[in-house]
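Student: Could you take me through one part of this model closely? I would like to see how that part sits in the whole.

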Amino acid sequence: MRFTSPLFLLLLALLPLFAWMGWPAPGSSRRREMLALILRLLIVLSLVLGLAGVEIVRPGSNLAVVCLVDV
């Protein structure tokens, strides 16, 4: 995995702050609020990785494709 702009990964340090701010209070809808918190954190994580330009690099095979057109 490579990043084109790794400096944006510093924004990952804000995830605990978002988790602390969105932590649900004890109550009846705690399960729903916890699910909403997890989804929000996943969205922020996706945005940060998108800003950092994540690239998944896989090694290429030695296979070559040749196209031939006969008139």
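Tutor: Here is a close look at helix H2, then at its surroundings.

This is a predicted model, so every value here is computed from it. Start with the order of parts. The protein chain has 2 helices and 2 strands. From the N terminus on, they run β-α-α-β.

Now H2 itself. Helix H2 covers residues 30-52, which is 23 residues. From its first C-alpha to its last, H2 reaches 33 Å. That is close to the 33 Å expected at 1.5 Å a residue.

Which residues of H2 are buried? They are Leu 37, Val 48 and Ala 52. These buried residues pack against S1, H1 and strand S2. Leu 51, also within the 30-52 range of H2, belongs to a nonpolar surface patch.

Follow that patch. Its area is about 790 Å², and its members include Phe 8, Leu 11, Trp 20 and Met 21. Helix H1, residues 15-22, gives the largest share, 4 residues. Leu 11 lies in the loop between strand S1 and H1. Is Leu 11 buried, exposed or partly exposed? Its relative accessible area is 34%, so Leu 11 is partly exposed. A patch residue needs over 30% relative accessible area, so Leu 11 passes that cut-off.

Next, the end of H2. Just after H2 comes Gly 53, with a positive phi of about 70 degrees. Strand S2 spans residues 54-55.

Strand S2 brings in a charged pair. Side chains of opposite charge can pair when their charged atoms come close. Here Glu 55 forms a salt bridge with Arg 2, and the closest N and O atoms are 2.9 Å apart. The pair links distant parts of the chain: Arg 2 is in strand S1 and Glu 55 is in strand S2, 53 residues apart. The count of salt bridges comes to 1. Arg 2 has 48% relative accessibility, so it counts as partly exposed. Glu 55, at 30%, also counts as partly exposed.

Finally, step back to the whole chain. Buried residues make up 10% of the 71 residues. The radius of gyration is 21 Å, whereas a compact globule of 71 residues would have one near 11 Å. The C-alpha atoms fill a box of roughly 75 × 30 × 20 Å along the principal axes. The chain exposes about 6,400 Å², and carbon and sulfur atoms supply 69% of that. Among contacts between residues at least 6 apart in sequence, 67% join residues at least 24 apart.

Terms used:
Residues numbered from 1 in each chain as written. Predicted model: local features only at pLDDT ≥ 70, side-chain atom pairs only at ≥ 80, totals over all residues. Heavy atoms only, no water. Patch = residues over 30% accessible without salt bridge, like charges linked within 9 Å, V, L, I, M, F, W, Y side chains within 5 Å. Areas by Shrake-Rupley, 256 points an atom, 1.4 Å probe, with all protein chains shown as cover. Salt bridge = Lys/Arg side-chain N within 4 Å of Asp/Glu carboxyl O. Buried < 20%, exposed > 50% of the residue type's maximum accessible area, 1.4 Å probe, protein only. Expected span 1.5 Å × (residues − 1). Contact = heavy atoms within 4.5 Å. Rg over C-alpha atoms; globule rule 2.2 N^0.38 Å.
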